[in-house]
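Visitor: I should be grateful for a close look at a single part of this model. Please explain the terms as they arise and keep the account connected.

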Amino acid sequence: MKKFTASAFMLLICTAALLSTTEGRPGRPKSMYLRCECIKTYSGPEIPTKVIQSLRAIPAGPQCKNEEIIVTTKKVQMCLNPTKDWVISLKEKFNKKSVKRQQ
């Protein structure tokens, strides 16, 4: 009986260890992934505001050491370089717009 109990216990420990290291489980929230969403950032000429449909700013944190600015246009979604002056002012414009909408 002791052999069976020890074997069952070891099986339970191994199963728990395997489950805790499994990645990409369905139903896991996107925010739980500990990686950056932006692999490359756009640093080229300024993008006109009228072309941008939405802007999403993700602050630096445990998921990524960099602040990420993601814009969506009709044709493409891209990451912008958050250190560029025009990106900083674009982010401020969108923040002001969202504050006005909430009032």
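Guide: Two strands pair if DSSP finds at least two bridges between them; strands (E, at least two residues) and helices (H or I, at least four residues) are DSSP runs, numbered from the N terminus. The model is predicted, so local features need pLDDT of at least 70 and side-chain atom pairs count only at pLDDT 80 or more, while totals for chains, interfaces and linings use all residues. Residues are numbered from 1 along each chain as its sequence is written, and side-chain values use heavy atoms, leaving out hydrogens and water.

The part chosen here is the sheet, with its surroundings. The chain contains two helices and three strands, arranged along the sequence in the pattern α-β-β-β-α. The three strands form an open sheet in the order S1-S2-S3, and their pairing is antiparallel. S1 and S3 stand at the edges, and each has a single partner strand, so one side of each lacks a neighbour in the sheet. From one strand to the next the twist averages 25° (axes are lines fitted to C-alpha atoms, for helices over the stretch in contact, with angles running from 0 to 180 degrees between N-to-C directions).

The pairings can now be followed across the sheet. S1 and S2 are joined in the antiparallel sense by five bridges, and within this part of the sheet Ala57 stands opposite Ile69 in S2. S2 and S3 also pair in the antiparallel sense, over four bridges. Here Val71 faces Met78 in S3 across the pairing, and Ile70 has Cys79 in S3 as its bridge partner. The connection from S2 to S3 is a hairpin of four residues.

S2 is mostly covered, with four of its five residues buried (buried means under 20% relative accessible area, exposed over 50% and partly exposed in between, with a 1.4 Å probe and protein chains only). For the chain as a whole, 17% of the 103 residues count as buried. Thr72, which lies in strand S2, is partly exposed, with a relative accessible area of 23%. Outside a window of four places in sequence, Thr72 touches Val51, Ile52, Gln53, Ser54 and Gln77 (contact means heavy atoms within 4.5 Å). Thr72 and Gln53 are 19 residues apart in sequence, yet their C-alpha atoms are 5.6 Å apart in space.

Thr73 follows in the loop between strand S2 (68-72) and strand S3 (77-80). Thr73 is buried, at 11% relative accessible area. Setting aside residues up to four places away in sequence, Thr73 touches Val51, Ile52 and Gln53. These three residues are also among the contacts of Thr72.

The sheet also contributes to the interior of the model. The largest nonpolar core has ten residues in all: Ile47, Ile52, Leu55, Ile69, Val71, Leu80, Trp86, Val87, Leu90 and Phe94 (such a core is a set of buried Ala, Val, Leu, Ile, Met, Phe, Trp, Tyr and Cys residues joined through side-chain atoms within 4.5 Å). S2 and H2 each supply at least two residues of this core, and H2 gives the most, with four. Two residues named earlier in the pairings, Ile69 and Val71, are among its members. Ile47, another member of the core, is in contact with Tyr42, Ile52, Met78, Leu80 and Trp86, leaving aside neighbours within four places in sequence.

Two of those contacts of Ile47, Tyr42 and Trp86, lead to the aromatic pair, of which the structure holds one. The ring centres of Tyr42 and Trp86 lie 6.2 Å apart and the planes meet at 80°, so the pair is edge-to-face (rings of Phe, Tyr and Trp, the last by its six-membered ring, pair if their centres lie within 6.5 Å; planes under 30 degrees apart count as stacked, over 60 as edge-to-face and the rest as tilted). Tyr42 lies in the loop between helix H1 (2-21) and strand S1 (54-58), and Trp86 in helix H2 (residues 85-102), so the pair ties together parts that are 44 residues apart in sequence. Tyr42 counts as partly exposed, at 28% relative accessibility, whereas Trp86 is buried, at 13%.

A figure for the whole chain completes the account. Among contacts between residues at least 6 apart in sequence, 45% join residues at least 24 apart.
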